[in-house]
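This report sets out the fold and a selection of local features of one protein chain. The sequence and the model follow.

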Amino acid sequence: MTAPYILVLFYSRNGATAEMARQIARGVEMTGMEARLRTVPAVSTDCEAVAPSIPEAGALYATLDDLKNCAGLALGSPTRFGNMAAPLKYFLDGTSNLWLTGALVGKPASVFTSTASLHGGQETTLLSMLLPLLHHGMLISGLPYSEAALIETRGGGTPYGASHHAGADGKRALDEHETTLCRSLGQRLAKTALLLDPPKG
Ligand SMILES: Cc1cc2nc3c(=O)[nH]c(=O)nc-3n(C[C@H](O)[C@H](O)[C@H](O)COP(=O)(O)O)c2cc1C
């Protein structure tokens, strides 16, 4: 039996969503709960392309067991044409067995995304990411307006989940408000998971 953990599951090609994932993990860890950072391999049009089973750098690839056994889930993707990136969708499309067995029913979940342009589809991407989680019966945890950063931000930040404006060159770092919102998203998720399923004994 492993200790309860929040799975921070993301795809990132250029690092912006990965940095959000690390800040969310810090928020989770501020509550004392473990954060498990996991990514997914890129998908390719080349049918014979095979990714190494361990990535060259960064988070390990997620397994279905990582998802099945988590106490809560933070799901992150770059925005791709106003939607989540294919590698993450591909991973989620392989979760039918977890859906059939109701493995994720009642677990809390949040979403996060990064975009090149400020109005380039953060909200639509976040909403699209919530759809499969609702099918899985997960309990969605957003960001409330009691978070001052949500009002004050000049960059990312939405009530649907954390977001980041990486700029046209993808190099704009997470600003103070975006960082705060990532951490509080992680904290809220961990606290919710503990309330829903308190440690036994
Ligand atoms: C195929 C593709 C589609 C994209 N579509 C959008 C988009 O709809 N809106 C936007 O603002 N940025 C879009 N971008 C930019 C990425 O969302 C942005 O660079 C993001 O910060 C990348 O995250 P990463 O560093 O985690 O890979 C797109 C990038 C690619 C490669």
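Over residues 6-190, what percentage of the chain is helix, what percentage is strand, and how far apart are the end C-alpha atoms? Helix accounts for 35% and strand for 21% of residues 6-190, and the end C-alpha atoms of this stretch are 7 Å apart. The coordinates are those of a predicted model. An unreviewed UniProt entry annotates residues 6-190 as "domain: Flavodoxin-like".

## Overall form

The protein chain contains seven helices and eight strands. Its C-alpha trace spans about 50 × 45 × 30 Å along the principal axes. The radius of gyration is 16 Å, which agrees with the value near 17 Å for a compact globule of 201 residues. Of the 201 residues, 49% count as buried. Among contacts with a separation of 6 or more, 75% join residues 24 or more positions apart. The accessible surface comes to about 10,400 Å², and carbon and sulfur atoms hold 56% of that area.

## Three helices and their surroundings

The table lists the lengths and end-to-end C-alpha distances of three helices.

| Helix | Number of residues | Distance between end C-alpha atoms | Expected span at 1.5 Å a residue |
|---|---|---|---|
| α1 | 14 residues | 20 Å | 20 Å |
| α5 (residues 122-135) | 14 residues | 21 Å | 20 Å |
| α7 (residues 176-196) | 21 residues | 30 Å | 30 Å |

Helix α1 is largely enclosed by the rest of the structure, because ten of its 14 residues are buried. These buried residues are Ala16, Thr17, Ala18, Met20, Ala21, Gln23, Ile24, Ala25, Gly27 and Val28. They pack against the strands β1, β2, β4, β6 and β8, and against helix α7.

In helix α5, the buried positions are Gln122, Thr125, Leu126, Ser128, Met129, Leu130 and Leu133. An α-helix has 3.6 residues a turn, so residues three or four places apart point the same way. The buried residues of α5 pack against β4, β5, β6, β7 (139-140) and β8, together with helix α3 (86-92). After α5 comes glycine 137, which has a positive phi near 80°.

Helix α7 has as its buried residues His177, Glu178, Thr179, Leu181, Cys182, Ser184, Leu185, Gly186, Leu189, Ala190 and Ala193. Their cover includes β1 (5-10), α1 (16-29), β4 (72-80), β6 (108-115), α6 (148-152) and β8 (162-165). At the start of this helix, a side-chain oxygen of aspartate 175 comes to within 3.0 Å of the backbone nitrogen of histidine 177.

Threonine 179 illustrates the setting of one buried position in α7. Its relative accessibility is 16%, and it therefore counts as buried, the cut-off being under 20%. Leaving out residues up to four places away in sequence, threonine 179 touches Gln23 and Leu174. Gln23 is itself one of the buried residues of α1.

## Two further threonines

Is threonine 39 buried or exposed? Threonine 39 lies in strand β2 (residues 34-39) and counts as buried, at 10% relative accessibility. Its side chain reaches the backbone oxygen of phenylalanine 10 at 2.9 Å. Beyond neighbours within four places in sequence, threonine 39 is in contact with Leu9, Phe10, Tyr11, Ala59, Leu60, Tyr61 and Ala62.

Threonine 101 occupies the loop between α4 (96-100) and β6. It is exposed, with a relative accessible area of 59%. Which backbone oxygen does the side chain of threonine 101 reach at 2.8 Å? That oxygen belongs to asparagine 97, and the side chain of threonine 101 also reaches the backbone oxygen of leucine 98, at 3.3 Å. Threonine 101 and histidine 136 stand 35 residues apart in sequence, with their C-alpha atoms 9.8 Å apart in space.

## A loop residue with positive phi

Phenylalanine 81 is found in the loop between β4 and β5 (83-84). Its phi is near 50°, a positive value in a residue other than glycine. Phenylalanine 81 is also exposed, with a relative accessible area of 89%.

How values were computed:
Residues are numbered from 1 along each chain as its sequence is written. This is a predicted model: local features need pLDDT of at least 70, side-chain atom pairs count only at pLDDT 80 or more; totals for chains, interfaces and linings use all residues. Side-chain values use heavy atoms; hydrogens and water are left out. Helices (H or I, at least four residues) and strands (E, at least two) are DSSP runs, numbered from the N terminus. The expected span of a helix is 1.5 Å times one less than its number of residues. Buried means under 20% relative accessible area, exposed over 50%, partly exposed in between (1.4 Å probe, protein chains only). Contact means heavy atoms within 4.5 Å. A polar contact is a pair of N or O atoms within 3.5 Å; within protein, one must be able to donate a hydrogen and the other to accept it, and residues adjacent in sequence count only if both atoms are side-chain atoms. UniProt positions are given in the numbering used here, feature names are shortened, and annotations may be inferred rather than shown by experiment. The radius of gyration is taken over C-alpha atoms; the globule rule is 2.2 Å times the number of residues to the power 0.38. Accessible areas come from the Shrake-Rupley method with a 1.4 Å probe; for residues, only the protein chains shown count as cover.
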